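Subject: Structure handover

Dear colleague,

Here is the structure for your files. Please look through the notes under it when you have time.

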Amino acid sequence: MNSLLTSSRRLAKGVAAAGIAAGIVLVAAACGGDSSSPASGATTSSAKKGGTITVLSAGDVDHIDPGQAYYSFSYEITYATQRPLLAYKPDSVEPTPDLAASMPKVSKDGKTVTVHIRKGVRFSPPVNRAVTSKDVKYAIERGFSSSVANGYVAAYFGDLVGAPTKVPTHVPSISGIQTPNKTTLVFKLKHPEGVFVGALGLPTTAPVPAEYARKYDSKTLSDYGLHQVATGPYMIKANAAGSINGVGYQPGKLIHLVRNPNWSAKTSWRPAYADQIFFKEGFQDPTVTTRQILSGSADVNGDTPPPPAELRTITASSTQKKQLFFTPTGGSRYIALNTRKAPFNKVDVRKAVAYVLDRNAMRLTRGGPIDGHIATHFIDPGFKDKGFAQSGGYSFDPFPSKGFAGDVATAKSYMRKAGYPNGMYTGPQLTEVADNTPPGSNTAEVVAADLAKIGIRLKTISVTHSTMYTRFCNVPKNEPNVCPNVGWLPDFHEPQAVLDVTFNGKNITNVNNSNWPLLNVPSINKEMSKAERMLDPKARYAAWGKIDEQIVRTASAIPWIWEQYPTLFSSRVTTPSPELWNGGAPDVTFMAVK
Amino acid sequence: MARYIVRRLAWAVVMLVVVSALTFLIFYTFPSADPAALRAGRQATPQLIEQIRHALGLDKPVYEQFFIYMKNLGLHFDLGYSYQNNVPVRQEIFARLPATISLTAGAFVVWMLIGIPVGVLSAIRPRSVGDRVAMGGALVGISAPVYWLGLVALFLFASDIGKVHLFGGAGSYVPLTQDPGGWVKSLILPWFVLAAAFAAFYARMVRGNLIEVMGEDYIRTARAKGLPERRVILRHGLRAALTPIVTIAGLDIGILLGGAVLTETVFNIPGVGRFAYDSIVNSDLPAIQGTVLFGALFIIVANLIVDIAYAFLDPRVRY
Amino acid sequence: MTGPSQLVTERLGAQPEQLEETGAEESLQVAGRTPWQLFSERFRQDRVAVVALGFIALEILLAIFAPVIVRAVAHPPDAQFPDALDPQFGTPTGPSSRFLFGVDSVGHDVFARVLYGARVSLEVALIATALAVVLGVTFGMISGYYRGPIDTLISRVIDVTLAFPVLLLALGIASACSLGNGCVRGLIRPGLSTVVAAIVIINWTYIGRIIRGQVLSLREKEFVEAARAQGASDRTILFREILPNLVAPIVVYTTLVIPQNILLEAALSYLGVGINPPQASWGEMIAEATPIFNTAWWFFAFPGAALLLTVLAFNLVGDGVRDALDPRTAV
């Protein structure tokens, strides 16, 4: 039951790299270049309308309310039923206007962003009316209130003029979101924000009808999600009063999408072939899930990747491998070292750890080369010229070793530099807090075995995934010396989304902290603040590339894999590109029954 | 007699309260993950988490939370709302109860239909080859981990992924009212897998009891009277041997109704057991409270029924 | 899964009447035999049980000498050999001359882990069972002998514990004790101690109830009355008169429940709250191996077979003990 406890949902929302989606990508063990085959997925122009698609998942959505949804699996439903200002076509990481009629216009000083929304978009029953700019305004505002508690409005919309500084218990009114007419939105920012346009692709900008939602949002904890209306091609099946609870949404069991009668294909680039989509939940065993997809009793994996043993069989079969796609997740996994506690407050000790870790063995715990390229810094290959090249690309590896298997001799020399005469650690036992199920537990074991090579005795505390985060690694007071199962996926395709929350000293909080190494280097913080204000993309990416380099050199967190996610389709459906921007999640609006 | 029943009922209620309190103590005082942080999402500010903690009532002292919970439970039969998705816990449990009941009832029938005859036959011919084989098989049945057995069953017999396409695969459960044929098909494998260990155990128990009973004097008397052996066994021996079996069966049903976590997981049956397990993993405190309470309720009721039945049958038991 | 409910009514046989035999009734020609001699003679006649007992002894020996054996023919149990994993997919390889039982998904030597796992599994089962039995017998005796309010209190505690769904209780203990310094001042933390704690808490109630029932009927017997008439203290009566008569149910219960507890440990490890790697136990290995058992059969088969044989052996010994203690039930 290895996936029962591990939350098989990804770490955060995924935005992945460009162009490496379709076909099989078996990354060579000896890393040296982009060995992907950028063939595109089967063209869907010949696809038929109608039919039913089944998606299998192990877990439920984190939140059914689009204003709260945070993880990639939830986005599979949200982006099929909601229309944010911008959205993403499957084989692209650049946002495309969805509800917006055209791309937003940013003023010269970067402090004003203007968006026009399309005409002819209507809410699903029971609201039925046309969408106006006020609905987008309300959608963003509600995210700030504690009753909705959107997880990223503070980070990306906090700079709006009039955005609340303290968390209100009711939906605030933000003066910085102006609606001069029914189809225009004007955002006023306090400072220029380079990534603001990208943030408009988040589901929090999907319109919400205030007059309908207010009664739900005024509760201490909003339950608008159970009564939500849709603007996308599909809606979660609801009863006449608009409630989805027990109808289209059976928590932990099923989410049932049906066509939204008020959606007009003329206003949207989504093909929406299928008539119905079922997200069936609770499939814990990844082998069983994979075989069900191969047998045709289900159509695609929602949040559970096929395990390595199955991948091996599939890639060996000439027919089955055509149904398998690998998509870079856009993020990395890393080992976080607590820089506030000895001995990892010393950079030389950290560098010793960076040298001794056998990243190849760690990657094997997740399936080997098929899981992705071994990471040497944090901005992943998919960001190509958006920071990846600028941070040194594949050739930048400040802690190299043969075959990435670790270099014990060099590690020991750094230990000696740190003051341990024999190159072996002589202090008290250290602790790591790890997942209690594979593959996280396996990774933690490898880390412990590697650290033993430089004399560090590592005690492993095994807890559930959510405990590991919410009780230990996210709480600086309780944080152990090593957090081996952490990683980060960007919220959207900007290097800031990968590096800011995770390595900026000003983002360290005393609960729910995501800066796990507790890195707080003033020079790096300053560089980040500067880069955040840069409006010129080229300058911005160059700046973040350099910041990535600097962070890696601190060895406060050691990245070890740029993951790619396998998506398996059944033979009864067409195989469009899995969502590049969402780390390989299937886009049900582009899938058709053959 | 009536006094006895009333006393047992009163005690049952007290036990439920105590179990609730203990659950509160274990799960609320030391929740493994922080429910407020989970609810608040990844990039939430500490202030937001505190707001949510307050909204969920988690900043109150434990005994106050317990009192509020019991008040809601007693007065409105309100089990609170799930932290995960805001749906009422009571609704969730009742939605899943039919699946668990289906699983338990069917497995019960299977294990009794298999276990008892096997046990009887073994007892009639003890130490024979058949007996050894049956008891050996029973021991294997007890030893096999349920989850593994389930996977084997799926890989062999599931209609979608099995070598032989016979019965419903994982996740194919449909309610009886919706599709009786599909309901049966989806539950055959889970029934047999869940029943395996129980059938084995019951076979052993029946065998042991029956052998012991067969050594009693009154059996010897019956034989001496010239009754046919079959009558001796079935009329006299079996009745005595089966009484304790029925007791245990009742208790086991009570336990299973609390949810057979492992079986429900491997076959993806949306029952109470899975729900209980998921809520523990997600630190969904109201759901944990509700499911533990329900599990305890079934066990206590089963105990109660058994105790009262015994009191009827054996006056010495009342105290 | 099979709850320990079976233990409530596994019939433990009536009082061994041989304890009441007095020498005066024996003819001088027949040498008197002690109860122990009678028991062991009868036990020896059940050859299957004897073989099973031998097997258990062998297992214990293997467990004790695991370090020696492993050093001779295998690799250290927590050493990782990533080179034994498939370099393309990271899947483990099977039995070979280098690894007798193959490797697991992290590259550990399965043979070594099965042997070391014997230590942990047997240790957990034996120690936890022993603790549970001691607790259960103690409270059962007190409860059954003194009756009254103490009996009520203990019985109620047993009732409440039994009312808790077993797995949820274990999960609760594990989650509650996973933070900070664990519970009982650091005695109970995630891992082995949690498993032991869960087993003890769950098991003591069953043996407690059984013993209580036995003591309730024993205290009315004549030999207890006689002892009391002779002025024996309660303590003496409990230890000299009653306890010896409880040996039979205790032994039978113990042999029955040891394999149960090994399986319970496996189930807990399965749910992630049992023994954690790199420590090896059969339960933990089976838990890890189950999702991939059809591709990496060795990883599941060897610990699984070890578990099965142990369960078989303990059950057969238990049967033999019960049959030997009460000849009426032996056939």
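The notes below take up chain A, one of its sheets, its contact with chain C, and the domains of chain B.

This is a predicted model, in which local features need pLDDT of at least 70 and side-chain atom pairs count only at pLDDT 80 or more, while totals for chains, interfaces and linings use all residues. Residues are numbered from 1 along each chain as its sequence is written, and chains are lettered from A and ligands numbered from 1 in the order in which they are written.

Chain A overall

Chain A has 17 helices and 18 strands (DSSP runs numbered from the N terminus: H or I of at least four residues for helices, E of at least two for strands). Its radius of gyration is 24 Å, which agrees with the value near 25 Å for a compact globule of 594 residues (taken over C-alpha atoms; the globule rule is 2.2 Å times the number of residues to the power 0.38). Along the principal axes, the C-alpha atoms of chain A fill a box of roughly 75 × 55 × 40 Å. Of the 594 residues, 65% count as buried (20 or more other C-beta atoms within 10 Å of the residue's own, against 12 or fewer for exposed and partly exposed in between, with C-beta atoms placed from the backbone). Among contacts in chain A with a separation of 6 or more, 73% are between residues 24 or more positions apart (contact: C-beta atoms, placed from the backbone, within 7 Å).

A four-stranded sheet in chain A

Four strands of chain A form an open sheet in the order 4-5-7-6, with antiparallel pairing (two strands pair if DSSP finds at least two bridges between them). Strand 4 (105-106) and strand 6 (177-181) of chain A are at the edges with a single partner strand each, so one side of each has no neighbour in the sheet.

Strand 7 (residues 184-188) of chain A pairs with strand 6 of chain A over three bridges, and the two form a hairpin with two residues between them. In this pair A:Q178 stands opposite A:V186. Strand 7 of chain A also pairs with strand 5 (residues 112-116) of chain A, over five bridges; here A:H116 is opposite A:T184.

Which side chains of strand 7 of chain A are buried? A:L185 and A:F187 are, and they point to one face, whereas A:T184, A:V186 and A:K188 point to the other and are not buried.

Contact with chain C

In this interface, 35 residues of chain A are in contact with 24 residues of chain C. Helix 13 of chain A gives the most to the chain A side, with five residues. By class, that side has 15 nonpolar, 14 polar and six charged residues (nonpolar: Ala, Val, Leu, Ile, Met, Phe, Trp, Tyr, Cys and Pro; charged: Asp, Glu, Lys and Arg; polar: the others, Gly among them).

Domains of chain B

Chain B is assigned domain 1 (2-76) and domain 2 (92-313) (bounds from an automatic or database domain assignment). Their C-alpha centres lie 32 Å apart. The contact between them takes 18 residues from domain 1 of chain B and 15 residues from domain 2 of chain B. Helix 1 of chain B gives the most to the domain 1 side, with 12 residues. The residues of that side divide into 14 nonpolar, three polar and one charged.

Regards

Methods. Two residues are in contact if their C-beta atoms, placed from the backbone, lie within 7 Å.
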